[in-house]
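Subject: Structure handover, with notes on salt bridges

Hi there,

Here is the structure I promised to pass on. Please have it open while you read, as my notes follow below.

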Amino acid sequence: LKSPWSLLFSFSLPLERSSEDVDIIFARLKEVKAFEKFHPNLLQQICLCGYYENLEKGITLFRQGDIGTNWYAVLTGSLDVKVSDTSNHQDAVTICTLGIGTAFGESILDNTPRHATIVTREHSELLRIEQKDFKALWEKYRQYMSGLLTPPYGVMETGSNNDSKYERLDMRWWTPLIDPHIPHHPTKTITQVPSEKILRAGKILRNTILSRAPHMIRDRKYHLKTYRQCCVGTELVDWMMQQSPCVHLRTQAVGMWQVLLEEGVLNHVDQEHHFQDKYLFYRFLDDEREDAPLPTEEEKKECDEELQDTMLLLSQIGPDAHMRMILRKPPGQRTVDDLEFIYEELLHIKALSHLSTTVKRELAGVLIFESHPKAGTVLFNQGEEGTSWYIILKGSVNVVIYGKGVVCTLHEGDDFGKLALVNDAPRAASIEDFNRILRDVEANTVRLKEHDQDVLVLEKIPAGNRISNQGNSQPQHKYIVMSGTPEKILEHFLETMRLEATLNEATDSVLNDFIMMHCVFMPNSQLCPALMPSQGTEQEKMDYALNNKRRVIRLVLQWAALYGDLLQEDEAAMAFLEEFYVSVSDDTRMIAALKEQLPELEKIHKVLLQLFNTSDDRAQKRQPIRGSDEVLFKVYCIDQTYTTIRVPVSSSVKEVIGAVADKLGSGEGLIIVKMSSGGEKVVLKPHDVSVFTTLSVNGRLFACPRDQFDALAPLPEQEGPSTGTVGTFELMSSKDLAHQMTIYDWELFNCVHELELIYHTFGRHNFKKTTANLDLFLRRFNEIQFWVVTEICLCSQLSKRVQLLKKYIKIAAHCKEYKNLNSFFAIIMGLSNVAVSRLSLTWEKLPSKFKKIYAEFESLMDPSRNHRAYRLTVAKLDPPIIPFMPLLIKDMTFTHEGNKTFTDNLVNFEKMRMIANTVRTVKFCRSQSFNPEAALTNKNHQDVRSYVRQLNVIDNQRTLSQMSHRLEPRRA
């Protein structure tokens, strides 16, 4: 599939781009780190002259010593920076990696040779600007660019010798070493002068407290000493949680108050503590004066109006302050909650994605915080012995080599220090804590070998000192599987299974991980024979039945429960279940020890009956789409006529071509093409499956000879509606619309099998399985998003558009109330689409009450700290929940791409465990059934129900942007 970036830049060549094209590209580039500080005028010019580059892994962009011709910014992927001290490129050493948002190539300004060789580390997308255009931008916007480019073109704040300087804009560092010579001041105010924003925030909070709860700020006595006009930490946390719906947890409120403390707007009375949720005294800056004035009535009114905006601001920057507060503590003083907070952050840092969970948890205990606010600070010099490993939390750093200058700039999330620079070659840094952690992990590792080869790797971890039901203390340590061969992993789980545990007990979660993920490394055709050994003597078979059969019964029960209806599509699995049932029944008659398993056997029998019946109750519900279900589908030809084929949902492209060829009478040289409404064409590969459900909202399938590919054009019907439906749905209640949307979304979500997430992540073609239900649920998200944009852009009357904005904000609020986060986010993302967000005249007319609600909703979409705002919201909800599915997919993809599936020919079970943990989120969200409100369901809502299930939308972003410009032309 083509990426969103390729779609953005495929509109036209740079010189042919319209203002609508530029608007769309501009909106996306603003979100890229490399451009976030660029002046809007400069960024618009970049949108006009930038080219899009799509590069596979291993492509050399340019070599060290070449004369440059282009400047680049990384949109997706990553590139290695390689430097050689000889003329032989084979000697080049990778010194660092450039990630998303980094920019490089400024040497084209004066035609100096490239200082390094750049090679794509993975599939990457770049923005490229040619030398003549970049020079023209430099001449016109030098005052804006000089502070953004790396030296010698950018501005250095300290000294003139740039050979080994690290430029910082606003840097934060984490390092696993504490320098014993540097005193730590966790309570010290970070900034000498508070910013105006935080000063104002402190004033608003103080005045609001004095207005609503004046008893909180008063003189207090402790140990015979009186502390003037102060508050208690726990009371401040309680109060903040009562004031705003955007504050979900006490730890979140702690972070928000810590923001004020860092800037000196709030202080501990003795300057001894950072902010804590304890009986500690804190004082506002205004109350440090003896004659601190009380707020006037006018000030109280202003503060009431600004309170929610202030809460929103603090909730967005609070997590960073909380993180800095924890990292300033000496490692020995960190609480269990502190370590968990850091660990959660480490999960989402790409530089650490390959490390095991144990290593990440150990790192949480030794990482500390460094702040380098002054640009030009040197962290270490080339040739010095390294003692620390660094990860950039915020800001940027230049990598400089003697004689070559700045070779690249690293940004947020990048790391360095493990391989530092010594004479242009790597050297092993002496990083005590990091190496100690790796040594400790290895010391706690047990390796089972066969024929001198590892076949199972276990790691010893603390189990917690729990007390069993019998009162006996449980072991203090347990062993978890890190990697192994499929057979040995299965053998280990069977041997360590606790038969006394009930089926749903948490102790079975590790077994659930295996059952959920085995399709990746041990398909049913391999698993079933392993559970039913047919080799050996009669005595060996008897011993197996006696010792292992009860454990296999437990595993099969959980396996059948997870797979459900999917087993019907697997002949090997069905044959195994039949054989296994007969075998266990026979063994039960022969072996007395198995008779106590009779209830378990009956359970198997019931599960089989329940799974594979076709009762009326099941027929009344929406049923999941199975791969074997047949579908009638239109496939269009080059003359825009179509042929209708009937094939199974899971058919491959090759099978689709065969079905089309049967209808057309000839299939020689045919290809199948996905066509979007915007004219974007993708030739499908013969092994691709689920092609019908992976189309875009208005996408269509075409079949044509390869030589006619260029002549294909979208159908008129793909353009979408030409008139809006505001006249219809403005009469419908916002609550009814949200309710019916939630009923439909729940039906779609409930049909998604957990295994579809795994097929989607690892590639459905690798399993030859369909992900049709997941595809339809993901497409629903896009459909709702485009519905919002379509209706607003089709509404020519300004006052009606304002009403539409209000309507959608109300529907979003009700979706959030129903815990339908998928539709909630789809609506908010629709409202933030550039075609809607640019309608300034419309937004200006929106009442301030709705603007505040929308701002609060937008804050939940904030992607910073790995969507922390959203995750905090979900953590407070009880099921049933319809989650924001695109984020779940992103989490799984991040884990999959950052970790190898096999290491040294062994299954990386640590990776399987992480992915299974994400998939369990879906299970949790559906652990309670969604029951529609009877009061709303019993009304005659057939018209609303039909409307939300048949949305007609425009999904061509360029068309929507053009319509938006016709509604409100760009202001001069």
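Which residue forms a salt bridge with Glu-130? The partner is Lys-132, and the closest N and O atoms of the two are 3.0 Å apart. Please keep in mind that this is a predicted model.

Let me stay with that pair for a moment. Lys-132 counts as exposed because its relative accessibility is 57%, above the 50% cut-off. Glu-130 has a relative accessible area of 23%, so it is classed as partly exposed. The two also belong to a network of salt bridges, in which Glu-53, Arg-128, Glu-130, Lys-132 and Asp-133 are linked. Across the structure there are 36 salt bridges. As a general reminder, side chains of opposite charge can pair when their charged atoms come close.

Two further pairs are worth a look on your screen.

The first topic is Glu-262 and Arg-324. These residues form a salt bridge whose closest N and O atoms are 2.8 Å apart. The pair links distant parts of the chain: Glu-262 sits in helix α8 (residues 250-262) and Arg-324 in helix α9 (residues 297-328), with their positions 62 residues apart. Are the two buried or exposed? Glu-262 is buried, as its relative accessible area is 7%. Arg-324 also counts as buried, at 12% relative accessibility.

The next topic is Arg-801 and Glu-968. Their side chains meet in a salt bridge, with an N to O distance of 3.2 Å. This pair, too, links distant parts of the chain, its members being 167 residues apart. Arg-801 belongs to helix α26 (residues 798-817), whereas Glu-968 is in the segment after α36 (957-967). Both Arg-801 and Glu-968 are buried.

Finally, a note on a residue without a charge partner in my list: where does Leu-266 lie? You will find Leu-266 in strand β12 (residues 266-268). Leu-266 has a relative accessible area of 0%, so it is classed as buried. Which residues does Leu-266 touch, leaving aside those up to four places away in sequence? They are Leu-236, Trp-257, Leu-260, Leu-261, Phe-275, Tyr-282, Arg-283 and Phe-284. For one of these, Phe-284, the C-alpha atom is separated from that of Leu-266 by 4.5 Å, although the two residues are 18 apart along the chain.

Happy browsing, and do write back with any questions.

Best wishes

Note on methods
Residues are numbered from 1 along each chain as its sequence is written. This is a predicted model: local features need pLDDT of at least 70, side-chain atom pairs count only at pLDDT 80 or more; totals for chains, interfaces and linings use all residues. Side-chain values use heavy atoms; hydrogens and water are left out. A salt bridge is a side-chain nitrogen of Lys or Arg within 4 Å of a carboxyl oxygen of Asp or Glu. Buried means under 20% relative accessible area, exposed over 50%, partly exposed in between (1.4 Å probe, protein chains only). Helices (H or I, at least four residues) and strands (E, at least two) are DSSP runs, numbered from the N terminus. Contact means heavy atoms within 4.5 Å.
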